Amino acid sequence: MPIHPTAIINPQTRLGEQVSIGPYAIIGADVVLEDEVSVGAHCVIEGPTRIGRGTRLFPFVSVGQDPQDLKYAGERTELIIGERNIIREFATLHRGTGAGGGVTRIGNDNLLMAQCHVAHDCIVGNHIIMANGASLAGHVEVHDHAILGAYVGVHQFCRVGAYAFIGAYSVVVKDALPYARSVGNHARCYGPNSIGLRRAGFPDADLRAIEQAFRLLLNSKLNTSQAVAAITEKLGDHPRIRLLLDFIASSQRGVIK
């Protein structure tokens, strides 16, 4: 394995096959690096942390540190990072807290660009892009295929729905709807992310259903409950629309309109 002689690796670290570790990297106890993980120069990894197969950490990444939460009292918590993630320079990903479930979890095939931050107890799905400086406060959920622009900030306990697009420099203080474009400080919803959905391979029938649902939700004179009832009546059997309706129904902070 190509491990630079200046790297400092705790004897309790578990290394898979074909792991590479760059100059001056520091890896603490209770860390698992699965096969083909690449750790760049000057990275710091503390445990308990597991990093999945094929994930690449670029120089100066810091993962698995104690959460930035004053309620954290040293309890055992962990960070779990899935497979084939790309984590760029100076990104920070923290472990969970006992009060928040004890784990911060990152899925597979995500791109976290330079200086991104994922705080304690966040759940990040798969195929997500976080552009430079995007930050998640504690207990945030980001669902599959979402895109967060540069320097987006997401408030504690908020959710970002599947295939959502959040424009650069936006501040998200409520749940960002699936399939939607949300932009601004505070973020507002500007309808479906039609270009992104088309690029993702959504068929025309799905796009028409989503556009009809958002017209009822955003452009009618109905309140949210009335719009949800109308969408359910007209489109409730469509699986894409069912996801949207379930997301709204399960919101604790309200959704961005």
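## Helices, a pocket and some unusual bonds

In helix H3, the residues Thr224, Val228, Ile231, Thr232 and Leu235 meet Ile241, Leu245 and Ile248 of helix H4, where contact means heavy atoms within 4.5 Å. Sorted by class, this contact has 6 nonpolar, 2 polar and no charged residues. Here Ala, Val, Leu, Ile, Met, Phe, Trp, Tyr, Cys and Pro count as nonpolar, Asp, Glu, Lys and Arg as charged, and the others, Gly among them, as polar.

Before going on, note that this is a predicted model: local features need pLDDT of at least 70 and side-chain atom pairs count only at pLDDT 80 or more, while totals for chains, interfaces and linings use all residues. Residues are numbered from 1 along each chain as its sequence is written, and side-chain values use heavy atoms, with hydrogens and water left out.

Helices (H or I, at least four residues) and strands (E, at least two) are DSSP runs, numbered from the N terminus. Here's how H4 sits against two other helices, with axes being lines fitted to C-alpha atoms over the stretch in contact, and angles running from 0 to 180 degrees between N-to-C directions.

| Pair | Axes come within | Crossing angle |
|---|---|---|
| H3 (residues 224-235) and H4 (residues 239-249) | 11 Å | roughly 155 degrees |
| H2 (residues 204-219) and H4 | 9 Å | roughly 30 degrees |

H3 and H4 are therefore roughly antiparallel to each other (angles over 145 degrees count as that). On the H2 side, Asp206, Ala209, Ile210, Ala213, Phe214 and Leu217 meet Arg240, Ile241, Leu244 and Ile248 of H4. That contact splits into 8 nonpolar, no polar and 2 charged residues.

Now for the empty space. The largest pocket (an open set of points on a 1 Å grid over the protein atoms alone, where a 1.4 Å probe fits, with protein on both sides within 12 Å along at least five of seven lines) has a volume of about 200 Å³. Its lining residues, which have an atom within 4 Å of a point, include His127, His145, Tyr163, Phe165 and Arg199. Helix H1 (residues 194-199) gives the most to this lining, with 3 residues.

His145 also has a positive phi of about 70 degrees although it is not a glycine; look for His145 in the loop between strands S20 (141-142) and S21 (147-148).

Finally, a cis peptide bond joins Gly47 and Pro48, with omega about 0 degrees. Another cis bond runs from Asn185 to His186, with omega near -10 degrees. Most peptide bonds are trans.

How values were computed: Angles under 35 degrees count as roughly parallel, over 145 as roughly antiparallel, 65 to 115 as roughly perpendicular and the rest as oblique. Grid points are joined across faces, edges and corners, and a volume is the space filled by probe spheres set on the points.
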